[in-house]
Amino acid sequence: MAGAARLARSFAVNQDPHAFLAQYRRDFPEDVLVLDDPVPADEGVTGVIYELAAAGRHEMVLCRKVTGLDVPVVSNMFASRQRIARMLETGPSGLHSAYQQRALRAVPPRAVDSGPVLDDVTTDVDVAAIPMLRHFASDRSRYVTSGIIVAEDPDTGVGNLSYHRAMPHSRTELATSLHSRGDLWRMLQKYAERGEPMPVAMVLGGHPLFMLAASARVGYDVDERAVAGGLFGEPLELVRTPRHGIGVPAWSDFVLEGTIDASEHADEGPFGEFSGYSSNRSTNNLLRVQTVLRRSDAMLIDVVGGNTDEHLNLARVPRESEMAEKLRARFPDVTAVHYPTSGTHFHCYVALRQRRPGQARQVMLGLLGWDPYVKTVIAVDEDVDVTSDSAVLWALATHFQPHQDLFTVDGLPGSPLDPSSGSDGTTSRIGLDATRGPHFDGNRIVVSAEARQHARRILGGNV
């Protein structure tokens, strides 16, 4: 369908991931790497991203040709905090507050009659035609890694968005893993009690703000589609799927409509997880695909799994934002919160203005209690850059005394994907106070601004 006709049938063109990509390339061409050479579907995209990361680079990657796929692939979209901040019209220092302010101003979605995802609708399902990549040699199969399952509560109609990996099981079925502590799992049990399969729609390819909303940490009674509206500042435009009437973004690239029956299972995994290890942990659910919807100009928006910046940022920016807000509301002297890539989801750095003994310990206990994934918290002074591992480790080396600045808490629930957790899923947690403390004696060395400016003049373009 012609572009003009598309605009006529939908108002919110700024919800189009294709329009986002085109605009971002115009505004920040240096931050998008376009590859015209063929890239293998098996590990090819991952290889590119790992090599970029090894060189300290985090560009979004557009692969025009991926072997065996009939669509281009966009990946590494969330690998850069700067890029995520730009999506929210702010800078990196304002990322947390911008996300929270928008997410908390939820805007209910708006139903529209049509959208690009309805360009091609078929009930002749063959999941082999859905573009998927193998990211790691240890993965069992090619996987959907950016799949956002949309489901609606059978009693209230409140929607839920959540990420779930999926691999081919048969011509019309995908094996997938749900989160046994998550809201979708709770919803599945409600359908099971009614003796019904749960209608679902898996979205592939949404605007990055919609994708961020799917990672939001909200209660069961909060519809993440309204959170997406808050991030956009306008209602998320939804079309209804043809069989089950589930509201999905009108600008999606692909939607797989079907059902998940709590009594049906299929093996899947191993799969490369955020811990950096390949995981066999799975609920082994079966998604029966009944309808496939796709744009005529579809692309695959991929999320590289494992312990990559992309995978971790997509989940941790909403977590960090929530934790930063909670901590600052309770402890106004907290100045910064950061979950480092080096710690996957298990480490957190927090900076504060410590005004009295024990204050850092209290802040760390708050973090360890509020976030079930965090095992290690390091507290530092406000002049330490928490986004720099080396700066935090320097503070730990020079400010920390183990006999008095360390505490542990045992027997708390942890992440099921932590390979070091106990057989019962519990973990220990530790707090390390690397603030200077009230009796610290030391003067930090300083290189003056004048000396740095003079050095830049001498070195010219060599730095």
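1. A word on terms before we start: a cavity here is a set of grid points where a 1.4 Å probe fits but cannot get out, while a pocket is an open set. Please keep in mind that this is a predicted model.

2. Let's begin with the enclosed spaces. There are 2 cavities of 30 Å³ or more, and the largest has a volume of about 60 Å³. Its lining is made up of 13 residues, of which Y143, V144, T145, L300 and D302 come closest to the centre. By type, the lining of this largest cavity has 9 nonpolar, 3 polar and 1 charged residues.

3. The second largest cavity has a volume of about 50 Å³. If you would like to find it on screen, look for Q15, P17, G206, H207, F210, F232, L236, P249, W251 and S252, which line it. That lining divides into 6 nonpolar and 4 polar residues, with no charged ones.

4. Now for the open spaces. The largest pocket holds about 1400 Å³ of space. Its lining counts 41 residues, and those closest to the centre are Y163, H164, H179, G182 and Y373. Strand 7, helix 6 and helix 9 each contribute at least two residues to this lining. In contrast to the second largest cavity, where no charged residue is found in the lining, the largest pocket is lined by 9 charged residues, together with 17 nonpolar and 15 polar ones.

5. The second largest pocket has a volume of about 470 Å³. Among its 24 lining residues, P92, V337, H338, V386 and T387 are the closest to the centre. Helix 5 (95-103), helix 9 and strand 18 each give two or more residues to the lining, and strand 18 gives the most, with 4 residues. Sorted by type, the lining of the second largest pocket has 8 nonpolar, 9 polar and 7 charged residues.

6. Helix 6 deserves a look of its own, since we have already met it in the lining of the largest pocket. Which residues of helix 6 (residues 183-193) are buried? They are L184, M187, L188 and Y191. These residues cover an arc of only 105° around the axis, so they sit on the same side of helix 6. The general background is that an α-helix has 3.6 residues a turn, so residues three or four places apart point the same way.

7. What lies over those buried residues of helix 6? The cover includes strand 6 (148-152), strand 7 (159-163), strand 10 (198-204), strand 13 (254-265) and strand 16 (285-294). After helix 6 comes G195, with a positive phi near 75°.

8. Helix 10 (residues 359-370) passes a simple length check: its 12 residues should span 16 Å at 1.5 Å a residue, and the end C-alpha atoms are 17 Å apart, which agrees. Its buried residues are Q359, A360, V363, M364, G366, L367 and L368. Their cover includes helix 9 (309-330), strand 18 (334-338), strand 19 (347-352), strand 20 (376-381), strand 21 (406-413) and strand 22 (426-433).

9. Finally, have a look at R281, in the loop between strand 15 (278-279) and strand 16. Which residues does R281 contact, leaving aside its neighbours within four places in sequence? They are R165, S177, P416 and L417. Of these partners, P416 lies 135 residues from R281 along the chain, yet the C-alpha atoms of the two are separated by 7.8 Å.

Note on methods: Residues numbered from 1 in each chain as written. Predicted model: local features only at pLDDT ≥ 70, side-chain atom pairs only at ≥ 80, totals over all residues. Heavy atoms only, no water. 1 Å grid on protein atoms, 1.4 Å probe; cavity = no way out; pocket = protein on both sides within 12 Å on 5 of 7 lines; lining within 4 Å. Points joined across faces, edges and corners; volume = space filled by probe spheres on them. Nonpolar A, V, L, I, M, F, W, Y, C, P; charged D, E, K, R; others polar. Buried < 20%, exposed > 50% of the residue type's maximum accessible area, 1.4 Å probe, protein only. Arc of directions from axis to C-beta. Contact = heavy atoms within 4.5 Å. Expected span 1.5 Å × (residues − 1).
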